[in-house]
Amino acid sequence: MPRSAPTPAPNSVARRRKLAAGNWKMNGTAASLAEVKKLKSLIRKDRLAADILICPPATLIERLARMAKGSKVAVGGQDCHAKEQGAFTGDVSAPMLADAGASTVIVGHSERRTLHAERDADVHAKAEAAHRAGLVAIICVGETLDERSAGKADDIVKGQVSRSVPDAATPKNTIIAYEPVWAIGTGKTATAADIEAMHHTIRETLRARFGAAADAFRILYGGSVKASNAAEILHVPGVDGALVGGASLSAAEFYEIIKAATPKRPRSIKAA
Ligand code: PGA
C-alpha cells in the first residue's frame, strides 16, 4: 500500500492534537451507557482541546456509536482479528467493528500479548487488518518490570515498535500507545522523566523508518492515568494523550482527564 504521510509542519508538536482514549476492557453492560450520556452532557459546552475516544466491549460498540453520533466522542474496539471473516469462533474482525460504528481499534494491548500470547507479528497483522477496514490502529507497546529492571526497556519497546507497526502506517491511520506493563491497573505510573525518555525513543524509532513524517504520529501514555495525575502526565513533552483503563469507566473522572489534556506550554521535567 502506498504511504501517504503528510508533510510535517515546522512545529508539528503543536499540531498533534491530544487524545483521551478510554479502554473499558471487559467492563460494561447497557447500564454503563448512562456514563456516556453523562460525559456527553459534561463536554457539550466545552471547547475541547482533546479528541475523545471510548473503546467499550464489542457488545456495546453499536449502541455507544449510536449514542455518540454527532458528539465529540468517537468509538473504538479493543482488539480485532487479522482476517476479515471465517471460522474463528469468538473473534471480531476489523470490518465488523467498522460496520458497528467504530473508527479505531486498539491492537497489541499487553493484556492481549500476555493472556492471549499475541506476538508482534500478530499485532502487525491486526494493525494491517484495521487499516484495510479504514480504522485507525492504536498499537500498544511497553516493557515488563523485569525488563525495565534489567535495563532492557528501551530495546524491548524499540523492537515492539519496529515489528508491530506496518509499513503502511501513517500518522492518520496509526497511533502508538506506550504502556509500561507494570503500570497498568497497578496505581503505579512511570516518572515524568521516564515517560519523556521512552516517548523520545519511540519517536526516534519511527523517524528511522518513516523520516520526517514520524513527527506527526501521536504517541499516548497509558498505565494508571487518573484525574489526579493526568495533568502532569499529559504535559510531559512528547506525550500526545492518554490511554485510560479503570479511570475511563466513570464519566466524571474521564472528563477531568479530558480537561487536563488542554495544551499548555511544554515545561521542563525534573529528573525523578
Ligand atoms: P489502567 O489501564 O488505566 O487501568 O492502568 C490502562 C490500559 O490498560 O490501557
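**Close-up 1. R16 and its polar partners, D215 and D240, in a predicted model.** A polar atom of the R16 side chain sits 2.6 Å from the backbone oxygen of D215. That side chain of R16 also makes a polar contact with the side chain of D240, at 2.9 Å. Keep in mind that what you're looking at is a predicted model. R16 itself is in the loop that runs between α1 (12–15) and β1 (18–23). With 10% relative accessibility, R16 counts as buried, because the cut-off for buried is under 20%. Skipping residues up to four places away in sequence, R16 touches R203, D215, A216, F217, R218, G238 and D240.

**Close-up 2. Helix α9 and what it packs on.** Here we zoom in on α9 (192–210). The 19 residues of α9 should span 27 Å at 1.5 Å a residue, and the end C-alpha atoms are 26 Å apart, so the two values agree. Plenty to look for along this helix: A192, I195, M198, H199, T201, I202, R203, T205, L206 and F210 are buried. R203 is also one of the residues that R16 touches. The buried residues of α9 pack against the strands β5 (136–141), β6 and β7 (218–222), and against the helices α7 (145–149), α8 (153–164) and α10 (227–234). Just past the helix comes G211, with a positive phi near 65°.

**Close-up 3. M198, a buried residue of α9.** M198 lies in helix α9. Its relative accessibility is 1%, so M198 counts as buried. Once you set aside neighbours within four places in sequence, M198 is in contact with E143, R148, A153, D154, V157 and Y178. For a distance to check on screen, try M198 and Y221: they're 23 residues apart along the chain, and their C-alpha atoms are separated by 9.8 Å.

**Close-up 4. P180, in the loop leading from β6 to α9.** P180 lies in the loop between β6 (174–178) and α9 (192–210). Being in a loop doesn't leave P180 out in the open: it's buried, with a relative accessible area of 0%. Leaving out residues up to four places away in sequence, P180 touches G142, E143, A190, Y221 and G222. You've already met E143 in the previous view, where it's among the contacts of M198. If you want a longer distance to trace, pick Q78: it's 102 residues from P180 along the chain, and the two C-alpha atoms are separated by 18 Å.

How values were computed
Residues numbered from 1 in each chain as written. Predicted model: local features only at pLDDT ≥ 70, side-chain atom pairs only at ≥ 80, totals over all residues. Heavy atoms only, no water. Helix = DSSP H or I, 4+ residues; strand = E, 2+ residues; numbered from the N terminus. Buried < 20%, exposed > 50% of the residue type's maximum accessible area, 1.4 Å probe, protein only. Contact = heavy atoms within 4.5 Å. Polar contact = N/O pair within 3.5 Å; in protein donor to acceptor, adjacent residues only side chain to side chain. Expected span 1.5 Å × (residues − 1).
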